[in-house]
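Reader: Hey, I've got a protein open on my screen and no clue where to begin. Can you walk me through it?

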Amino acid sequence: MEIREVPFIAMGGLYEQDDLDAAARVIAAAAAPQGSFFPLPEENDFQNALAGHEGARKAIAVNSCGTALDCCAMALGIGPGDEVITTPLTFVCTAGTAVARGARVVFADINPTTLCLDPARVREKITARTKAILPVHFAGLACDVDAFDRITAETGIPVVYDAAHAIGARHGDRPVGGRGKASCYSFQSNKNITCLGEGGAVTTDDEEFAERVRQLKTFGYVYGGPAVRVASVGFNYRMTKPQYAVGLTQLAKVDRITRDRQERMLRLNDLLADVPEVILPVGHGPGHGSHLHVIRLDTDRVRFSTPEFTAHLKNRYQVGTAKHYPAVWTWEAFQEIGYSGEGCPIAAKVCEQVVSTPVFPRTSEEDLRYVAWAIKETIRDLGR
Ligand SMILES: Cc1ncc(COP(=O)(O)O)c(C=O)c1O
């Protein structure tokens, strides 16, 4: 095949005419002589639409998934002396939330097939200090929420899901947003939908918890009495009016965007089905959030490393990839405070194998064929 460039993050077309119109409408209204960014009906509309889509009673929109996780940490009272169990195969902020609140993170190992946190390994790490469990719906695949429900039922320990990759994901025939104590979503610009570059939300079935999060995203304010009260110390984690407005138009098309991703990820799986050196991701298709397509180089079968593989793909074939993720304990900030991969041999190995391929909602059939071809050629070139 002729060499062509397929960069990682080649999304383009993030916004369509309805998104542009929605943003322009609220900005134009604020530009009028008596206009302002208040009131904010778009906030409630977005929250109600998101709760409906994700199968939760309540959704509280905030300005990132990181701040959504932090609101949950504050609402659960996570602090010094507490332990929070999470997966090492995640973006740094899942674990960072607990560390930033003064708690100790305890890494439990992942399931080698789904790459999600393994509930059986979590059970081994529970102590009297365990304050919460933070699983991640990795790449958009729902984790074993029933098993985590059983852990909560037996121990009382709340589970907060990092659902940054998982809008639209289902467990069985149910969306995941109402499961556990809460779920935290991201609408940052490379996620399946975005609120003008940044955004997030907490969804929950627990109305009291929702009210705590709602307070914490606005300085701890409690409305409803004769005067506003400050019930706890919170921050300003709100989005702006144009972000809520665009969140609504994006949400209206999230199912189409997710389908486009699912189809392409399944297609790349088909194109790579005859490559024994590559371990393919499971679960893509209906019910998968299909945020990332993460293949693994089977390092037991080849004599080159994953960095050599991705460097050759890029330098020789101009195919960009990304790594989701290095194990959290390998980041210098975590090394400095004594974290290691002890007790997580599966994650340690998987983190050395993962390669995210460049598949996005508009990736063409030609690019998918080219990427599959380039992967096969790279394995051949390096295996010589
Ligand atoms: C698993 C996971 N959690 C949390 C985040 C943080 O999201 P945000 O950038 O909205 O804070 C990300 C972002 O990429 C993520 O992938």
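Author: Sure, we'll go from the whole chain down to single residues. Keep in mind that this is a predicted model.

Reader: Okay, big picture. How many helices and strands are there in the chain?
Author: The chain has 13 helices and 14 strands.

Reader: And how big a box do the C-alpha atoms fill?
Author: Along the principal axes, the box is roughly 75 × 55 × 40 Å.

Reader: What would a compact globule with 384 residues have as its radius of gyration, and what does the chain have?
Author: The rule for a compact globule with 384 residues gives a value near 21 Å, and the chain has 21 Å, so the two agree.

Reader: How much of the chain is buried?
Author: Of the 384 residues, 53% are buried. As for the outside, the accessible surface is about 16400 Å², and carbon and sulfur atoms hold 52% of that.

Reader: What about contacts between residues that sit 24 or more positions apart, how much do they account for?
Author: They make up 70% of the contacts in the chain with a separation of 6 or more.

Reader: Which domains is the chain divided into?
Author: Domain 1 covers 17-252 and domain 2 covers 254-383. Taken over C-alpha atoms, their centres are 26 Å apart. Domain 1 puts 38 residues into the contact, and domain 2 puts in 35 residues.

Reader: How would you put a size on an interface?
Author: People often quote the accessible area that is lost when the parts come together. Here, domain 1 and domain 2 bury about 2900 Å² between them, with 65% of that on carbon and sulfur atoms.

Reader: Which three residues supply more than any other three on the domain 1 side?
Author: Those are Phe 107, Asp 109 and Asn 192, which supply 20% of the area that domain 1 buries against domain 2.

Reader: New topic: the inside. How many residues are in the largest nonpolar core?
Author: That core has 62 residues. Among those with the most contacts inside it are Leu 89, Phe 107, Val 122 and Phe 148. Helix α3, residues 65-76, gives the most to this core, with 9 residues.

Reader: And where does that core lie relative to the domains?
Author: Between them, because domain 1 and domain 2 both give residues to this core. There's also another core apart from it, with 24 residues, including Leu 271 and Phe 304.

Reader: Can we zoom in on Val 122? What is Val 122 in contact with?
Author: Setting aside neighbours within four places in sequence, Val 122 is in contact with Ile 85, Ala 108, Leu 117, Ile 133, Phe 148 and Ile 151.

Reader: I clicked on Thr 86 too. Is Thr 86 buried or exposed?
Author: Thr 86 has a relative accessible area of 1%, so Thr 86 is buried. You'll find Thr 86 in strand β2, residues 83-86. Again leaving out neighbours within four places in sequence, the contacts of Thr 86 include Thr 94, Val 105, Phe 107 and Leu 134.

Reader: And where is Tyr 185?
Author: Tyr 185 is in strand β8, residues 182-186. Tyr 185 counts as buried, at 1% relative accessibility. Ala 163 is 22 residues apart from Tyr 185 along the chain, yet their C-alpha atoms are separated by 4.9 Å.

Reader: Now the backbone. Which residues does the cis peptide bond with omega of about -5 degrees join?
Author: That one joins Phe 38 and Pro 39. Pro 39 lies in the loop between α1 (17-31) and α2 (41-54). The peptide bond from His 324 to Tyr 325 is also cis, with omega near 10 degrees. Tyr 325 is in the loop between α10 (306-317) and α11 (332-336).

Reader: Last one: what is phi of Leu 115?
Author: Phi of Leu 115 is near 70 degrees, a positive value in a residue other than glycine. Leu 115 sits in the loop between β3 (104-107) and α5 (119-125), and Leu 115 is buried, with a relative accessible area of 6%. Ser 290 has a positive phi as well, near 45 degrees. Ser 290 is in the loop between β12 (278-279) and β13 (294-297), and Ser 290 is buried, with a relative accessible area of 0%.

Notes
Residues numbered from 1 in each chain as written. Predicted model: local features only at pLDDT ≥ 70, side-chain atom pairs only at ≥ 80, totals over all residues. Heavy atoms only, no water. Core = buried A, V, L, I, M, F, W, Y, C linked by side-chain atoms within 4.5 Å. Buried < 20%, exposed > 50% of the residue type's maximum accessible area, 1.4 Å probe, protein only. Helix = DSSP H or I, 4+ residues; strand = E, 2+ residues; numbered from the N terminus. Domains from an automatic or database assignment. Contact = heavy atoms within 4.5 Å. Rg over C-alpha atoms; globule rule 2.2 N^0.38 Å. Areas by Shrake-Rupley, 256 points an atom, 1.4 Å probe, with all protein chains shown as cover. Buried area = accessible area lost by both parts, 1.4 Å probe.
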